[in-house]
Amino acid sequence: MASSRLLVRVHCSVEKPSISPNFDHFKATLSSAFKPFLKEIQQLPLRIDVDVPKAVKDTSIKLLDAFVDSVFEFVDQPLLPSQSNFAPVRELREAVQVTSIQGEIPDDFPEGVYIRNGPNPLFGGLKSTNSLLGRSSHTWIEGEGMLHALYFSKGVDLDGSWTVVYNNRHVETETFKLEKQRNKPSFLPAIEGDSPAVLSAHLLNLLRFGEVNKHISNTNIFEHAGKVYSIAENHKPQEIDIITLETLHDWDVNGAWNRPFSSHPKKAPGTGELVIMGVNATKPFVEVGVISADGNKLLHRADLKLNRCSLCHEIGVTQRYNVFMDHPLSIDLNRLVRGGQLVKYEKEGDARVGIMPRYGDADSIQWFKVKPNCTFHLFNCFEDGDEVVMWGCRALDSIIPGPDQGKDKFDWFSKKFRPVKSIEGSFDAVSEDQLVFPRPYEWRMNMRTGDVKERNLAGTEFPMDFPLVNEAFIGVKNKYGYCQVRDCVASSASGMAKYGGLAKLCFEEQNTGFSLREKQEEELIKVEYHMFEENTYGTGAAFVPKPGGAEEDDGWVITFVHNEDTNISQVLIIQAKNFSSEPVAKITLPFRVPYGFHGAFRPMQLQNEIIMRIIPSLDPKISRSILHTKSQLIANVY
């Protein structure tokens, strides 16, 4: 979620504390809670980065820490047995060789790194806080980022077989290092909960750390100009050494980008420029940027001049345009102050799609009003004659942040994740509890006439999300897309989203397998499924193009999966052209990998890196093999 600078004036009051969301009561409650420390707090700057003597600053922060320790109680957010693979794991710190492989890694599979991001909270799990101000909690999307990487190298051994190595490591943001140094939870949860508690968390986090919330960097992993970055959209990206998984530094484009950074930036087709977007809780709410192909310069920056902080998770690109969504999921500090939720989806709110030239400004945006929706993820955008086409996974409500305060979280999510049942003969006519069912969807915006055409691309058998395509086709017309298939029964039973398979969407082929009613409703496309074994769920799927492949789907889909019966994690390699068949390889990992978010595959030569940097303690036979190979090469040269 986007961070902000929130300034709250503290008033004196002798009124008895109350946990009422009414802001007048909040002011009285907050002042009573602060009263023992009021004299010291009144001497503090509202922003920690003001130039004050270090001793004064340190003393002030110690006083504030003492206040937090005395007023706020951190408590664990317990996990149910059915949620066990959402629990964090320990860092390995040194990679391990993987030897259990069922099937065969194809000979023409590229060498490289399959890497996935996801939350791995410090201190055993997500936390809530209790105080006389009420309760605030981490949402299910929070938790410090951890990277899980699988390295594929061929030719390390003399027989030319594959060497596979696994490693994991936290993304060490500045706030991660701060809490780890303190060795205890320190940031108060600042997104979900009672308004007084969330507001006080904003203030106290800001006063103590200069930040409203932690930089979690747990959502995605992307590459630009040969460098790899970890990202969550509440802060700037962190550059990662993909060989060691070490966090190097924040990336601010040489000081030119000073705000949050979209979790899903896109490379512009043809130029290789990186198109980014930054969402913030205070004006300017949304800005778009274009970074040079070499990553050294911010070429363009534009304020979209929105009148709300629309929580747009992904930006799209075409040959000429940037495409973004302004939907009614918003971050609203004024709503929080009035006693409402910081993040909320307004079901009756307007939704629109904005299309602007690559280097355009707010005045150049062409807006298209669309049906209200909540769309987090896009397959692709492209130009088709006068139309700009956008394919995404569309729902009619948001699962972020969750239920209103006071409602039972498990019950709310359990109902939302049930299988969908259409009513009144319409795919969009579903019960209130089933509005978070995401489905592949198409928008066609005519740039000449201003008209919009919308349609569902798939039926209601499965909800689908976390879409991906062959990255060579980003921004241009493509035939295929892939996404994760949510298991409604398992998700409802656990109250957490679980993905029991993958889908391949054939955008240019019509599906003849649906019922007469569904075919009459709209023309649906062909979908192929690859379902995992029973009680096995996956995350972080990525497309791996075949080197020299002639067609768009020449390649494989790779994904992490976890079997909840055996507690074993694996990586599956699935042939894209034979999608419903068994995986060509199942790689069993020596450690559990929790469920996470987005993944990527980066082709690269690893033979030297395997022994020198990734796993120095590799099997001595392989080490000798590498040295022998090098000596042969040297001898051949001379």
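Leu 311 sits in the loop that runs between strand 18 (309-310) and strand 19 (316-317). In this predicted model, Leu 311 has a relative accessible area of 3%. Because the cut-off for a buried residue is under 20%, Leu 311 counts as buried. Along the chain, Leu 311 and Asp 326 are 15 residues apart, and their C-alpha atoms are separated by 7.8 Å.

A second loop residue to look at is His 264. The loop that holds His 264 lies between strand 13 (246-250) and strand 14 (266-267). Is His 264 buried or exposed? With a relative accessible area of 7%, His 264 is buried, because that value falls under the 20% cut-off.

The side chain of His 264 takes part in polar contacts. One of them, at 3.0 Å, is with the side chain of His 313. Another, at 3.4 Å, is with the side chain of Asn 220. Both partners appear again in the wider set of contacts: when neighbours within four places in sequence are left aside, His 264 touches Asn 220, His 313, Glu 314, Ile 315, His 377 and His 598.

The next feature is a pair of helices. Two packed helices are described by the angle between their axes and the distance between the axes. For helix 3 (residues 54-71) and helix 5 (residues 195-209), the angle is about 150° and the axes are 9 Å apart. The crossing of helix 3 past helix 5 is left-handed.

Which residues make the contact between these helices? Helix 3 contributes Ile 61, Leu 64, Asp 65, Phe 67 and Val 68, while helix 5 contributes Leu 204, Leu 207 and Arg 208. By class, the residues of the contact of helix 3 with helix 5 are six nonpolar and two charged, with no polar residue. The charged ones are Asp 65 of helix 3 and Arg 208 of helix 5.

The protein as a whole can be described in the same terms. Its secondary structure consists of 11 helices and 37 strands. Of the 638 residues in the protein, 60% are buried, and Leu 311 and His 264 are among the buried residues. Taking contacts between residues at least 6 apart in sequence, 65% join residues at least 24 apart. The exposed area of the protein is about 26,000 Å², and 49% of that area is supplied by carbon and sulfur atoms.

Methods:
Residues numbered from 1 in each chain as written. Predicted model: local features only at pLDDT ≥ 70, side-chain atom pairs only at ≥ 80, totals over all residues. Heavy atoms only, no water. Helix = DSSP H or I, 4+ residues; strand = E, 2+ residues; numbered from the N terminus. Buried < 20%, exposed > 50% of the residue type's maximum accessible area, 1.4 Å probe, protein only. Polar contact = N/O pair within 3.5 Å; in protein donor to acceptor, adjacent residues only side chain to side chain. Contact = heavy atoms within 4.5 Å. Axes fitted to C-alpha atoms, helices over the stretch in contact; angles between N-to-C directions. Left-handed = near helix turned anticlockwise from the far one by under 90°. Areas by Shrake-Rupley, 256 points an atom, 1.4 Å probe, with all protein chains shown as cover.
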